[in-house]
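Me: I am new to this structure and would like a careful look at one part of it. Please begin with the chain as a whole and then go into detail.

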Amino acid sequence: MKLLITLTFIGVVDSIDNDIITAEIQIHTGVQKVMHFPVEIFSCELTEGDFFYVKYIDGEVDGECGLPPEAEEKKWLLP
């Protein structure tokens, strides 16, 4: 049996240095943390203050600009 794990993080870019994004992220429980992401996981160009989200699905990482469609449905608190 294969277990499928899905996580989604919403974040705001604090800074980008040497192709590493430093961001404040929030997971669906409302917990906020500072995390670092390589710019290459994003299919778009981010700048300081931009919202983004990262999905981790079954070992694959996908970064997208903006807010995920489900953010409004779940009424997540944004950083």
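Of the 79 residues of the chain, what percentage count as buried? After that, please look closely at the disulfide: which residues form the disulfide, and how far apart are their sulfur atoms?

Reply: This is a predicted model, in which local features need pLDDT of at least 70 and side-chain atom pairs count only at pLDDT 80 or more, while totals for chains, interfaces and linings use all residues. Residues are numbered from 1 along each chain as its sequence is written, and side-chain values use heavy atoms, with hydrogens and water left out.

To take the chain first, 28% of its 79 residues count as buried, where buried means under 20% relative accessible area, exposed means over 50%, and partly exposed lies in between (1.4 Å probe, protein chains only). The chain has one helix and five strands, and from the N terminus on these elements run β-β-β-β-β-α; helices (H or I, at least four residues) and strands (E, at least two) are DSSP runs, numbered from the N terminus.

Now to the part you asked about. A disulfide is a pair of cysteine sulfur atoms within 2.5 Å, and by this rule the count comes to one. The disulfide is formed by Cys-44 and Cys-65, with their sulfur atoms 1.8 Å apart. Cys-44 lies in the loop between β3 (32-38) and β4 (51-57), whereas Cys-65 lies in strand β5 (residues 60-65), so the pair ties together parts that are 21 residues apart in sequence. The torsion about the S-S bond of Cys-44 and Cys-65 is about 100 degrees, so this disulfide is right-handed. Cys-44 counts as partly exposed because its relative accessibility is 27%, and Cys-65, with a relative accessible area of 31%, is partly exposed as well.

Phe-42 also lies in the loop between β3 and β4, but at 8% relative accessibility Phe-42 counts as buried. Phe-42 and Cys-65 are 23 residues apart in sequence, yet their C-alpha atoms are 7.5 Å apart in space. Leaving aside neighbours within four places in sequence, Phe-42 is in contact (heavy atoms within 4.5 Å) with Ile-21, Phe-37, Phe-52, Tyr-53, Val-54, Gly-63 and Glu-64.

Phe-42 also belongs to the largest nonpolar core, which has 10 residues in all and is completed by Phe-9, Val-13, Ile-21, Ala-23, Ile-25, Phe-37, Leu-46, Phe-52 and Val-54. Such a core is a set of buried Ala, Val, Leu, Ile, Met, Phe, Trp, Tyr and Cys residues joined through side-chain atoms within 4.5 Å. The elements that give two or more residues to this core are β1 (6-17), β2 (20-27) and β4, and the largest share, three residues, comes from β2. In soluble globular proteins, nonpolar side chains tend to be buried together.

Val-54, one of the residues of this core, has contacts beyond four places in sequence that include Phe-37, Phe-42, Val-61 and Gly-63. Val-61 lies in strand β5, the strand that also holds Cys-65, and is partly exposed, with a relative accessible area of 42%.
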